[in-house]
Amino acid sequence: MKLFLLLGVVNGFLAVALGAFGAHGLEGRISEKAIATWEKAVTYQMFHTMALLVTGLLMAKFTSGGLVWAGGMFFAGIVLFSGSLYIYSVTSIKTFAMITPLGGVAFLIGWVLIGTAIVKNL
């Protein structure tokens, strides 16, 4: 429980900091398309930061291995999806963009797992 709450707090901080950096530090240094990609990374990081926090709070209500896996998938998704998009935005190395769908799949698995845990336990 505490792990996912802390991961949520850290990722929330990072999403805000990286969003501000993208808006102010990267403006004029990378293309508009790259800025849009950076913003997509920030958006998905923040959405899934909230998912991490919800996962941690749900773990306080009931114990479920599915919640542990869901939190792990949300965190892996942030690293793979948002992380690859951040790097791709500033380097334009297409290999990083090819990693992004793996993060998207991790997000989807996380949502299925958290939904299943909710249905089974609430």
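**Close-up views of a four-helix chain**

**View 1. Gly19 and its partners.** Setting aside neighbours within four places in sequence, Gly19 is in contact with Trp38 and Val42. The model shown is predicted. Gly19 lies in helix H1. Its relative accessibility is 25%, so Gly19 counts as partly exposed. The cut-off for buried is under 20% and that for exposed is over 50%. Thr43 also features in this view: its C-alpha atom is separated from that of Gly19 by 8.5 Å. Along the chain, Gly19 and Thr43 are 24 residues apart.

**View 2. Packing of helix H1 against helix H2.** H1 spans residues 2-25 and H2 spans residues 32-61. The two helices pack at an angle of about 160 degrees. Their axes are 8 Å apart. That angle makes H1 roughly antiparallel to H2, since angles over 145 degrees fall in that class. The crossing of H1 and H2 is left-handed. By class, the contact of H1 with H2 holds 17 nonpolar and 9 polar residues. Charged residues are absent from this contact.

**View 3. Thr37 on helix H2.** Thr37 is found in H2. Its relative accessibility is 16%, so Thr37 counts as buried. The limit for that class is under 20%. Not counting residues up to four places away in sequence, Thr37 touches Leu85, Tyr88 and Ser89. Helix H3, residues 65-91, includes these three positions.

**View 4. Packing of helix H3 against helix H4.** H3 covers residues 65-91 and H4 covers residues 94-121. They pack at an angle of about 160 degrees, with axes 7 Å apart. H3 and H4 are therefore roughly antiparallel to each other. Their crossing is left-handed. The residues of this contact divide into 23 nonpolar, 8 polar and 1 charged.

**View 5. The largest nonpolar core.** This core has 24 residues. Which of them touch the most other members? They are Leu52, Leu67, Phe74 and Ile114. Four elements each give two or more residues to the core: H1, H2, H3 and H4. H2 gives the most, with 9 residues. In soluble globular proteins, nonpolar side chains tend to be buried together.

**View 6. Leu52 within the core.** Leu52 is one of the core residues that touch the most other members. What surrounds Leu52, leaving aside neighbours within four places in sequence? Its contacts include Phe4, Leu7, Gly8 and Asn11. These four positions fall within H1, residues 2-25. Leu52 is also in contact with Gly71, Phe74, Phe75 and Ile78. Those positions fall within H3, residues 65-91. Phe74 is itself among the core residues with the most contacts to other members.

**View 7. The whole chain, for orientation.** The chain holds 4 helices and 0 strands. From the N terminus on, its elements run α-α-α-α. Along the principal axes, the C-alpha atoms fill a box of roughly 50 × 25 × 15 Å. Of the 122 residues, 40% count as buried. Among contacts with a separation of 6 or more, 74% come from residues 24 or more positions apart.

Methods. Residues numbered from 1 in each chain as written. Predicted model: local features only at pLDDT ≥ 70, side-chain atom pairs only at ≥ 80, totals over all residues. Heavy atoms only, no water. Axes fitted to C-alpha atoms, helices over the stretch in contact; angles between N-to-C directions. Parallel < 35°, antiparallel > 145°, perpendicular 65-115°, else oblique. Left-handed = near helix turned anticlockwise from the far one by under 90°. Nonpolar A, V, L, I, M, F, W, Y, C, P; charged D, E, K, R; others polar. Core = buried A, V, L, I, M, F, W, Y, C linked by side-chain atoms within 4.5 Å. Buried < 20%, exposed > 50% of the residue type's maximum accessible area, 1.4 Å probe, protein only. Contact = heavy atoms within 4.5 Å.
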